[in-house]
Amino acid sequence: MDTTKNFSKHHTICVKERKSMTVTGVTEIIKFDENCVSLDISDCQLNIEGEELKIESFSTDQGDVNISGHIDAVIYLGTTQASYRRGFLKRIFSYDDR
């Protein structure tokens, strides 16, 4: 059974003075360390790069992530592994988890 939360395809990013940020519409935290946080949002990957980054909170029910630290870059990347897995299951088994 797939336990991935289903959120809207929409997301928001709010950066406050490059010291903190809130991202909504997050389905998964892919990886994180003090220099990079990678998030699965809207079937793509969002990387937040900086220094001394910390995940202050993550609401799995709402899909909200709060990050603090010195934010240098916010980068959108292509399809994530999580969205690829969902697409693969849908193609193979005609499975739609939405």
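Visitor: Where is Ile-13?
Guide: Ile-13 sits in strand S1. Keep in mind that this is a predicted model.

Visitor: Is Ile-13 buried or exposed?
Guide: Neither label fits. Ile-13 is partly exposed, because its relative accessible area is 31%, and the partly exposed class lies between 20% and 50%.

Visitor: What surface patch does Ile-13 help form?
Guide: A nonpolar one. Ile-13 joins Val-15, Val-74 and Tyr-76 there, and together they have about 310 Å² of accessible area.

Visitor: Which elements give two or more residues to that nonpolar patch?
Guide: Strands S1 and S6 do.

Visitor: And how far apart are the C-alpha atoms of Ile-13 and Val-65?
Guide: They are 9.7 Å apart. Along the chain, Ile-13 and Val-65 are separated by 52 residues.

Visitor: Zoom out. How many helices and strands are there in the protein?
Guide: There is 1 helix, and there are 6 strands.

Visitor: In what order do the elements run from the N terminus?
Guide: The order is β-β-β-β-β-β-α. So the strands precede the helix, given how the elements are numbered from the N terminus.

Visitor: What share of the protein's residues is buried?
Guide: Buried residues account for 30% of the 98 in the protein.

Visitor: Now the inside. Which residues touch the most other members of the largest nonpolar core?
Guide: Val-23, Leu-39, Ile-41, Ile-48 and Ile-67 do. That core has 13 residues.

Visitor: Which elements each supply at least two residues of this core?
Guide: S2, S4, S5 and S6. Strand S4 covers residues 36–41.

Visitor: Which element gives the largest share?
Guide: S5 does, with 4 residues of this core.

Visitor: Any general background on that?
Guide: Nonpolar side chains tend to be buried together in soluble globular proteins.

Visitor: Switching to charges. How many salt bridges does a search of the whole structure find?
Guide: It finds 1. The side chains of Arg-18 and Asp-72 meet in a salt bridge, at 3.2 Å from N to O.

Visitor: Where do Arg-18 and Asp-72 lie in the chain?
Guide: Arg-18 is in the loop between strand S1 (12–16) and strand S2 (20–24). Asp-72 is in strand S6, which spans residues 64–77. The pair is 54 residues apart and links distant parts of the chain.

Visitor: What about their accessibility?
Guide: Arg-18 counts as partly exposed because its relative accessibility is 43%. Asp-72 is also partly exposed, with a relative accessible area of 42%.

Visitor: Which residues form the negative surface patch?
Guide: Asp-33, Glu-34, Glu-51 and Glu-52.

Visitor: Pick Glu-52. Where is its place?
Guide: Glu-52 is in strand S5, residues 44–59.

Visitor: Why does Glu-52 count as exposed?
Guide: Glu-52 has a relative accessible area of 61%, and exposed means over 50%.

Visitor: Last one, Ser-42. Which loop holds Ser-42?
Guide: Ser-42 is in the loop between S4 and S5.

Visitor: How accessible is Ser-42?
Guide: Ser-42 is partly exposed, with a relative accessible area of 21%. The cut-off for buried is under 20%, so Ser-42 does not qualify.

Visitor: And how far is the C-alpha atom of Ser-42 from that of Thr-27?
Guide: The two C-alpha atoms are separated by 7.9 Å. Ser-42 and Thr-27 are 15 residues apart along the chain.

Notes
Residues numbered from 1 in each chain as written. Predicted model: local features only at pLDDT ≥ 70, side-chain atom pairs only at ≥ 80, totals over all residues. Heavy atoms only, no water. Patch = residues over 30% accessible without salt bridge, like charges linked within 9 Å, V, L, I, M, F, W, Y side chains within 5 Å. Areas by Shrake-Rupley, 256 points an atom, 1.4 Å probe, with all protein chains shown as cover. Salt bridge = Lys/Arg side-chain N within 4 Å of Asp/Glu carboxyl O. Lys, Arg positive; Asp, Glu negative; His and termini not counted. Charge placed at Lys NZ, Arg CZ, Asp CG, Glu CD. Buried < 20%, exposed > 50% of the residue type's maximum accessible area, 1.4 Å probe, protein only. Core = buried A, V, L, I, M, F, W, Y, C linked by side-chain atoms within 4.5 Å.
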